[in-house]
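Q: Please show me how to read a protein model, one feature at a time.

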Amino acid sequence: MRRANPRTIVVWSLVALVGATGWSVLALARDEEVSAAWMVAAALGSYAIAYRFYARFVAYRVLKVDRTRATPAERLDNGIDFHPTDRRVLLGHHFAAIAGAGPLVGPVLAAQMGYLPGTIWIIAGVIFAGAVQDMVVLFFSTRRDGKSLGQMAREEIGPFGGAAALLAAFAIMIILLGVLALVIVNALAESPWGTFSIAMTVPIALLMGFYLRVLRPGRVTEVSLIGIALLLLALVAGRWVAESSLADTFTLAPSTLVIWLVAYGFIASILPVWMLLAPRDYLSTFMKIGTILLLALGVVLTLPTLKMDPVTDFASRGDGPVFAGSLFPFVFITIACGALSGFHALISSGTTPKMIQKETQVRMVGYGSMLMESAVAIMALVAASIIDPGLFFAMNAPAGVVGDTVQEASKAVANFGYSISPADLARAAEQVEEESLLSRTGGAPTLAIGVSEIFSKVTGDSMRAFWYHFAIMFEALFILTALDAGTRVGRFMLQDMLGNVHKPFRNVSWKPGLILTSAAVTGLWGYFLWVGVHEPLGGINQLFPIFGIANQLLAAVALAVCTTLLVKSGRLKWAWITAVPLAWDATVTLTASWQKVFSSDPRVGFFQQRSDYQDAIEAGMVLPPAKTMDDMHTVVTNSTVDGVISAVLALLIVVVILDAGRVCLRHIRDPHASRLSEAPYVESRLTAPDGLFATREEKQRASEQEPAARP
């Protein structure tokens, strides 16, 4: 730690002032126009302060990261799963792997409650919960040879709570992967531009992987420039293909996309990590971060006004047309990945700890990547809040609520307390070259409308349709990178589980094991996806309603494991950094689980919905969204399955938390009775910078090593 100089103090004071001003404007504005730029200012100022001070405090004071300690990537390097990876490439991989549908879609849907609740939770949640979880899980997994979250729970909490954690984590992972894959299929179906551009990222990534591994090892800047150039060419060529005779070739039906996604997920899971997964995620990050930065710049240049209310009436009434339920707890469940995500803990204990070069890099990779994802969530919330609220609700309310025509939708929106004319609804669809924007639920089309609104003000209104379709394709790319990394992590989890029964599976690079488990994982989520594509109310569609709750329950498992490890490793006085977020997440998510299972409102409670539809079946009635009596029976089945799974998952998480509490209490009473499953210390011979840019001292250390080790 070095004493801050006057210039540093001035710079950080200005950063704090920018953030504080943004928060003040958002909090104090009443019945007046507010520029979206203030939301961006509040977010960026808060992120900068959090990374510089809080993340540094957690990394060096609490975790005591050790630069001299060899990581699993260095000690166990086998060129398949364990491989020391340049921190810039790893940052790109980790960010691309964790940033799936959640930060894009969740904040858009949560705008139903107004822009202020979502903004507060996205920023405060990531600083004190989400980013802390990701960094701490990454640190402890790195200390344990890259063990998965469930396996760490089994070894550190015990066989009972650990078994519950293993079962819950793997089941939730399959649900999350199926949902992510469904979003990709919906985005790419009948889209030759998106399909071609995304397909081209695979050979580009293979080229980058071999370039860094064989042709020019360590030349990250060179391969980055090559990758960016080829990616931009693929994006431009995608539009050419869509307008050429090749369009039919790349216009794929949903069932065909399912086959390709399953095949890709399997191959990406078994190939060496340096060959496809890491370079493809790194490549995708350029597009992701570049688009978000351009979006933020567009907000600053055009200064769009936030048209959504700060807090809507739906926040207290709980009868919103987008999703039912009150602000607490459902806005936190809906936003999910943008602030706190259990899925991230699986990546942080999956691929990343097997690739990180230095413990000191967990701050940049773990905490920094999560801040980047939160920034994505803020920009998604901005995009949803700057469009006309009438259009927002017409797009996100189901067809059974807004109807099939612009006239019916206009009347329905008026009943919500907002207004938009039929002509304006028709014009909005025409501007982006869509036949209709009514009931385009799921959040992705709304985000695309917001993106086109911002970019078209910079490039001209004639480009609005281009930016809309670009955003749709961008979202598919965003989500696909989470799918391939998630499949590999699912393979690690299954191998850890089977390794408790058959020891060879403990070696995650054992070829028979990795092939069998990869096939099992892709087969499971592929089955749910296939059924979901062919049956609108079946397969993964059946499990979609529990996506948000399952993800947040998984975060509770991760935070419980982190708290236990902090206590057992002699960091009891710092255990609050994960215990407080755990208490909040458990309160919110278990409350939501209780309401989803037992609420008497059929729009919220699964069992009440089941009862109402069963009564309707006996009366010979058909209720929406069902269209036939067979659909009615399917809804009854789905409601029953969702209610039972929600109850079981909540019960498993309660078991994990209680067992973790028991272990912590036992350690406090008798520290000598505890045993840590930490890998022994081995001195590192690898030289690598801690952050994105090498410091003068790090360059000096590197100069003393071989040229191949230079950063």
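Q: How many aromatic pairs are there by the ring rule?
A: A pair of aromatic rings is described by the distance of the centres and the angle of the planes. Here, rings of Phe, Tyr and Trp (its six-membered ring) pair if their centres lie within 6.5 Å. By this rule the count is 25 aromatic pairs. Ring pairs join Trp193, Phe455, Phe466, Trp467 and Phe470 into a cluster. This is a predicted model: local features need pLDDT of at least 70, side-chain atom pairs count only at pLDDT 80 or more, and totals for chains, interfaces and linings use all residues. Residues are numbered from 1 along each chain as its sequence is written, and side-chain values use heavy atoms, with hydrogens and water left out.

Q: Which residues of α11 are buried?
A: An α-helix has 3.6 residues a turn, so residues three or four places apart point the same way. In α11 (helices are DSSP runs of H or I, at least four residues, numbered from the N terminus), the buried residues (under 20% relative accessible area, 1.4 Å probe, protein chains only) are Leu257, Val258, Leu261, Tyr264, Gly265, Ala268 and Ser269. They cover an arc of only 135° around the axis (taken from the directions to the C-beta atoms), which puts them on the same side of α11. On the other side, Ile259 and Trp260 are exposed (over 50%).

Q: What is tryptophan 525 in contact with?
A: Contact means heavy atoms within 4.5 Å. Leaving aside neighbours within four places in sequence, the partners of tryptophan 525 include Ile174, Leu177, Leu261 and Leu483.

Conventions: Helices (H or I, at least four residues) and strands (E, at least two) are DSSP runs, numbered from the N terminus. Rings of Phe, Tyr and Trp (its six-membered ring) pair if their centres lie within 6.5 Å; planes under 30 degrees apart count as stacked, over 60 as edge-to-face and the rest as tilted.
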